[in-house]
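The following exercises concern packing and charge pairing in a single protein model. Please examine the sequence and the structure before working through the solutions.

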Amino acid sequence: MKILSKRGWLNAACRDPRLEPRHFRVAAAIWARSDGKWRAQVNPAHLSAQTGLGQSECAQAVRRLTSAGYLRLMEGGQFRAVLIMPDHLPEKQRAPALSPVAADAVIAPSIGDKCLPLLRAVKDLASRTSAGRFIPWRQVVKEMGIEPPRAGESGQERLWRLDAARKRFARLRAACLDAGAIEVDQARGVRLTADGEFAVATFAI
């Protein structure tokens, strides 16, 4: 089945009952890294840093996406794949109506205090540029000063700390996205939503 658009590929993966939430999370990371020829890196280490999942979970998700027909691994290219559409997509099923109690429970998580350092960093960077512009993630990481070097540590110790910091940052970014405090674009930029702006203005650090 021909891919009509990258968005269509992601939408198909989103509604496919054969994929679990963690599989779709990896699919979204692969989708964001793909180029104009539908090719993407599927390195579990890179996907782990991007999604906050373990490398084994990312590798398992790549296998599931491949078996479900969303990826074709490229011969002779380690950790390279092509995005494809499955030959058959399960029929989209109408979601059952929620009870009033369940409907009240299905709400976005509140924007907690742990999100505030990231939100404040994005807010500060946004104040120095044109309104509404997406801020590159690398600028946000630099602004937050995540894991500066420590005196006397070895190179390997620093690599371990940086890897742990990247995973914590990925989890923090996911929490902010889930709470609706930020929005991202395909160029890996970020900006605050109205709720994010309100949280920064309301909560004290």
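**Exercise 1.** Determine which residues Tyr 70 touches, and place Tyr 70 within a nonpolar core.

*Solution.* Step 1. Leaving out residues up to four places away in sequence, Tyr 70 touches Trp 9, Ala 12, Ala 13, Asp 16, Arg 18, Leu 19, Leu 65, Val 82, Leu 83, Ile 84, Pro 86 and Leu 89; contact means heavy atoms within 4.5 Å. The model is a predicted one, in which local features need pLDDT of at least 70 and side-chain atom pairs count only at pLDDT 80 or more, while totals for chains, interfaces and linings use all residues. Residues are numbered from 1 along each chain as its sequence is written, and side-chain values use heavy atoms, without hydrogens and water.

Step 2. Tyr 70 is among the residues with the most contacts inside the largest nonpolar core, which has 25 residues. A nonpolar core is a set of buried Ala, Val, Leu, Ile, Met, Phe, Trp, Tyr and Cys residues joined through side-chain atoms within 4.5 Å. Buried means under 20% relative accessible area, exposed over 50%, and partly exposed in between (1.4 Å probe, protein chains only).

Step 3. At least two residues of this core come from each of helix 1 (6-15), helix 2 (21-33), helix 4 (55-67) and strand 3 (80-83). Helices (H or I, at least four residues) and strands (E, at least two) are DSSP runs, numbered from the N terminus. Helix 2 gives the most, with 5 residues.

**Exercise 2.** Establish how the buried residues of helix 4 are arranged around its axis.

*Solution.* Step 1. Cys 58, Ala 59, Ala 61, Val 62 and Leu 65 are the buried residues of helix 4.

Step 2. Viewed down the axis, these buried residues fall within an arc of 160 degrees, so they line one face of helix 4; the arc is that of the directions from the helix axis to the C-beta atoms.

Step 3. The face turned away from the buried side carries the exposed residues Ser 56, Arg 63 and Ser 67.

**Exercise 3.** Which parts of the chain does the pair Glu 197 and Lys 123 tie together?

*Solution.* Step 1. Glu 197 forms a salt bridge with Lys 123, and their closest N and O atoms are 2.6 Å apart. A salt bridge is a side-chain nitrogen of Lys or Arg within 4 Å of a carboxyl oxygen of Asp or Glu.

Step 2. Glu 197 lies in helix 9 (residues 194-202) and Lys 123 in helix 6 (residues 116-126), so the pair ties together parts that are 74 residues apart in sequence.

Step 3. Glu 197 is partly exposed, with a relative accessible area of 32%, and Lys 123 is partly exposed at 33%.
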